[in-house]
Amino acid sequence: MCQINFTIQTNDNSDIVSGEGRWKENAGDAWNYFSISDINNALTPDINTDASYLLEIRVVNTNTINSAWTSVSGFQVGCP
């Protein structure tokens with residue numbers, strides 16, 4: 001079981017008030033969505049299967065505007 005920690009940054013000076021993430025196995029079709037409850041200590045939910053995954057994040061600013069989903073990032077759980 002594993003949680004992946006990641007950092008959230010913006011390109012402008014807007015304040016982030018919440019966030020949402022989604023992950024899936026590289027070969028998978030279905031995204032698994034999760035809320036980011038602590039923007040300053042962002043974590044994925046527990047992931048139980050050793051595999052390669054894709055991760056996307058989007059945030060909401062103080063004007064309640066959603067960002068676009070980030071470009072896809074990858075990570076590995078378990079031994080390669």
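**Notebook: a four-stranded sheet and the loop after β5**

I began with the sheet and found four strands in an open arrangement, ordered β3-β2-β5-β6, with antiparallel pairing. At its edges I found β3 (32-36) and β6 (73-77), each with a single partner strand, so one side of each is left without a neighbour in the sheet. Ignoring direction, I noted that neighbouring strands here are turned by 30° against each other on average; the axes behind this angle are lines fitted to C-alpha atoms, for helices over the stretch in contact, and angles run from 0 to 180 degrees between N-to-C directions. For my own reading I kept to the definition that two strands pair if DSSP finds at least two bridges between them, and that strands (E, at least two residues) and helices (H or I, at least four) are DSSP runs numbered from the N terminus.

What I am looking at is a predicted model, in which local features need pLDDT of at least 70 and side-chain atom pairs count only at pLDDT 80 or more, while totals for chains, interfaces and linings use all residues. Residues are numbered from 1 along each chain as its sequence is written, and side-chain values use heavy atoms, with hydrogens and water left out.

**Confidence**

I checked pLDDT, the predictor's confidence in each residue from 0 to 100, and the protein chain averages 84, with 92% of the residues scoring at least 70. Among the elements, the highest mean belongs to β3 (94) and the lowest to β6 (81). I keep in mind that predicted coordinates should not be read in detail where pLDDT is low.

**Whole chain**

I counted zero helices and six strands in the protein chain. Along the principal axes, its C-alpha atoms fill a box of roughly 40 × 25 × 20 Å. Of the 80 residues, 31% count as buried, where buried means under 20% relative accessible area, exposed over 50%, and partly exposed in between (1.4 Å probe, protein chains only). I also looked at contacts (heavy atoms within 4.5 Å): among those between residues at least 6 apart in sequence, 57% join residues at least 24 apart.

**Strand by strand**

Strand β2 (residues 16-25) pairs with β5 in the antiparallel sense over nine bridges, and I located S18 opposite V60 of β5. On to β3: five bridges join β2 to this strand, again antiparallel, with R22 standing opposite Y33. I noted that β2 and β3 form a hairpin with six residues between them. Between β5 and β6 I found antiparallel pairing over five bridges, and the bridge partner of L55 in β6 is S73.

**N61 and T64**

Is N61 buried or exposed? N61, which lies in strand β5 (residues 51-61), counts as buried because its relative accessibility is 14%. A polar atom of the N61 side chain lies 3.2 Å from the backbone nitrogen of I65; I took a polar contact as a pair of N or O atoms within 3.5 Å, where within protein one must be able to donate a hydrogen and the other to accept it, and residues adjacent in sequence count only if both atoms are side-chain atoms.

I then moved to T64, placed in the loop between β5 and β6, and found it exposed, because its relative accessible area is 65%. Its phi is near 55°, a positive value in a residue other than glycine. As background I wrote down that most residues other than glycine have a negative phi.
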